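Subject: The structure we talked about, with notes

Dear colleague,

I am handing over the structure below, and after it you will find what I noticed while going through it. Please keep it open beside the text as you read.

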Amino acid sequence: MSEASVTAVQSKQAQANAEPIIRVRGLTKVYHLGDVEVAALRGVDLEIARGEFVAIVGASGSGKSTLFHILGGLTPPTEGTVVIDGKSLAQMSNAERTNLRKTTVGFVFQKYNLLPTLSAEDNIKIVEYIGGRSTDFTPEFQEVLRLLGIEDRLKHKPRALSGGQQQRVAIARGIVNNPAILLADEPTGNLDSQNSAAVLGVLKDLNQRTGQTILMITHDAEAASYASRTVHIRDGRIV
Amino acid sequence: MLNKLIFANLTHRPVRTLLSVLAIAVEVTMILTLVGVSHGTLDSTAQRARGVGADIIVRPPNSQVMSSLSSAPISDKLPAVLLQEPHVTQATGTVIQSLTLPESITGLDFAAFNKMSGGFAYLSGGDPVGENDMIVDQYYAQQKHLKIGSTIHLVNHDWAISGIFDGGKLARICVKLTSLQEIQGTQGHLSQIYLKLDDPKLADAVVASLKDKMPGYPIYTMQELTSMLSISNVGMLKEFIGVVIGVAVIVGFIVVFMAMYTAVLERTREIGILKAVGGSSQLVLGLLLRETLMLALLGTGVGILFTYGTQWLMKHMVPASLVQETVYFWWPIAGGIAIVGSLLGVVVPGMKAVKQDVTEALSYE
C-alpha cells in the first residue's frame, strides 16, 4: 500500500472516530392507545461520541425508556433521524433492526433478563452463537469476566446468583460480541446500594479500560454520577 | 448451543415434557398396535392355512376370502366327486362354527386331515375319541386355562379337552366333523373343502379346470389364498386403520398445540430476550420446531417400547384372540405421523412467538 493510500485510510478512520456513534435528530415517538395518541418523545436531539459513558436521567414517564428502546432497535421511531454507528434506523426493516441488535448494540436490562434455563456461561455464549461467533471465550474476554468478578460463577444458573452477580453476567452478555454501544436501562434499579455501586463501578471501569461506549438510562442521580456526561430528559425532550 | 437451550427448556418443565412425550407415545402405540394386531391376525391365519398341507381350497358360492363361515352349504358328497378329478389325490372337508371374533370351532374328519397334513403335533393328549371331545392349541389352552380333561362350554355344549396341540395348523379349536355337524344341524354338509394334488406345481391348472366345472364356487390355490389374507382384503380394516391414524394425528396435534402454546406463553419473556439480543424470527421458530421434533422423536421411541408392552400383554393374557406382530416398516411411518401431527400443533404457537413484540415481551411478568 502506498504512503498516500495509508494516509487516506488513516484519515478515513480518524474521521469515523470523530463521527458521533449515536446521532439523533428531531426524534419523535407516538403511541396509539385506542383513539388516543400519546407522544413519548417530542423532538429529541442527541449526539454521543465514541468511547463516552453517558447517563440519560429522567423521571418516570419522561420518555427515557422509549429512547432506550428506539436506540436499541427494539421499536421503530415515528419521525426523526437516528444513526447508530453509521447505520440509519429510520428506514430499517424488522430484520435489519434484528441485525443491528445482533452486531452493533448490547443490552443490560433492569431485570437482568437472563434465560433461566441456561447457566451464566451459556447465557453469554448463546449471544455469541446468535452473533455468528465462536462460543469459545477469548483470553481478552476471560479477563473481562475476571474484571466483572463472575469467572467462578459461570456454571451456575441465574437463580443461584445474587442480583448483583446476575447483572454482571448480563453486562458480560451485553459486551461479548464487542458491540459499538452498550445500552443499560436502569441497571441498578433492582439492586441494593452495595451491589449498585459494584455494578456501576464495573461499567465505569469497562468504559475507561476498553473504551466501550455506554449509554445508561437512569432516574438515579447518584448512578448518573458514574457517567462522564449526563443528559436530562423531561416530557419527551432533552433539557 | 441451540440444542443445549432446547434440552434445557425440555428439562426445565419435566412434567410437561413427560406428559407430551407420553401422549405422543400413546399415539404411536395406537398405530403400531393396531397395525401389529392386523398383521399378526392375518399372518397367523395364513400360517394355519398353510399348515393344512393342502394345495387347493374350495369355498362355498358367494363367500369372501376373509368371511367367517358359519354355514355349511356344500354337500359332503363333493369331496368324493373332486377325488375323481385329475391330479387330486386327497380331499377333505371341514365345517366351521364362529364364536366371538376371531374365534371359531372347526369340525374335521381327523383320519383324512391327518393323512393330508401329517396330523397335529400334540403337546399333551391326542385326537378326539368321543363325540364331546375337543382339541385346542396351546394359545387357546393358555388363554382359557385349559388342561387335558378340562371341560369348556361352547355353542351350548360341554366339551372335554382331549388334546392340546402345537398351534399353526388349520384352527385353534377343533372337534370331530360329525359332532359339529350335529350341533349345527348341518349333517351331510361342509363349509369348505381342502384338496391335495399329486404335483403342487399343477395347482393353478387344476384350479382353472375346477372353476370351469364348478362356476360360482370360489376356488383358490393355498398360495393364492394366503397371499389374499392382507389388510386391504379385510372389509373396512384399511378404513379402520385410517380412522385410528387420523385420531392419532389429532391427539398428537392437540397435545403438542397445548404444550407448546403454554410453553410460548410461559416463555414470552425468554423469547423477548432472545429477540432483544439479535435472535431472528427464524431462530425463535426453529427453536420451537426443534423442541417439538425432539418431543415427537422421544414420543416415537417410547411409543415403540410401549408397543412391545402391548405385545407382551396380549401374548400373556389373550394369546389366542389377539396376535400382535412387530411390523418394523411401520416404525418410521408411525414416527412420521407423530412428527407431522406435532409439527402441525406447533404452527400456531410458533407464529404467536414470532409475532411477539420485543418490548412487550420483555415487560411480561
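Two residues are said to be in contact if their C-beta atoms, placed from the backbone, lie within 7 Å. Please also bear in mind that this is a predicted model.

With that meaning of contact in mind, we can start from helix H4 of chain A, which spans residues 120–130 and is mostly covered, since 8 of its 11 residues are buried. The buried residues of H4(A) are Ala120(A), Asp122(A), Asn123(A), Ile124(A), Lys125(A), Ile126(A), Val127(A) and Ile130(A). What covers them includes, from chain A, helix H3 (94–103) and helix H6 (163–175), together with H1 and H11 of chain B. After H4(A) comes Gly132(A), which has a positive phi, near 75°.

The two helices from chain B also meet each other. The axes of H1(B), residues 2–12, and H11(B), residues 281–317, come within 10 Å and cross at roughly 60°. Angles from 65 to 115 degrees count as roughly perpendicular and those under 35 as roughly parallel, and H1(B) and H11(B) are therefore oblique to each other. Their crossing is right-handed. On the side of H1(B), the contact is made by Leu2(B), Leu5(B), Ile6(B), Asn9(B) and Leu10(B), while H11(B) brings Leu287(B), Arg290(B), Glu291(B) and Met294(B). Sorted by character, the residues of this contact divide into 6 nonpolar, 1 polar and 2 charged.

Turning to the meeting of the two chains, the contact takes 17 residues from chain B and 21 residues from chain A. On the side of chain B that touches chain A, at least two residues each are supplied by H1, helix H10 (268–276) and helix H13 (358–362) of chain B, and H1(B) gives the most, with 5 residues. The residues of that side of chain B divide into 9 nonpolar, 6 polar and 2 charged.

Finally, is Lys201(B) buried or exposed? This residue lies in the loop of chain B between strand E11 (192–197) and helix H7 (203–213). A residue counts as exposed if 12 or fewer other C-beta atoms lie within 10 Å of its own, and because Lys201(B) has 9 C-beta neighbours inside 10 Å, it counts as exposed. Lys201(B) and Glu291(B), a residue named above in the contact of H1(B) with H11(B), are 90 residues apart in sequence and 58 Å apart in space, C-alpha to C-alpha.

With best wishes

Technical notes:
Residues numbered from 1 in each chain as written. Chains lettered and ligands numbered in written order. Predicted model: local features only at pLDDT ≥ 70, side-chain atom pairs only at ≥ 80, totals over all residues. Axes fitted to C-alpha atoms, helices over the stretch in contact; angles between N-to-C directions. Helix = DSSP H or I, 4+ residues; strand = E, 2+ residues; numbered from the N terminus. Parallel < 35°, antiparallel > 145°, perpendicular 65-115°, else oblique. Left-handed = near helix turned anticlockwise from the far one by under 90°. Nonpolar A, V, L, I, M, F, W, Y, C, P; charged D, E, K, R; others polar. Buried ≥ 20, exposed ≤ 12 C-beta atoms within 10 Å, placed from the backbone.
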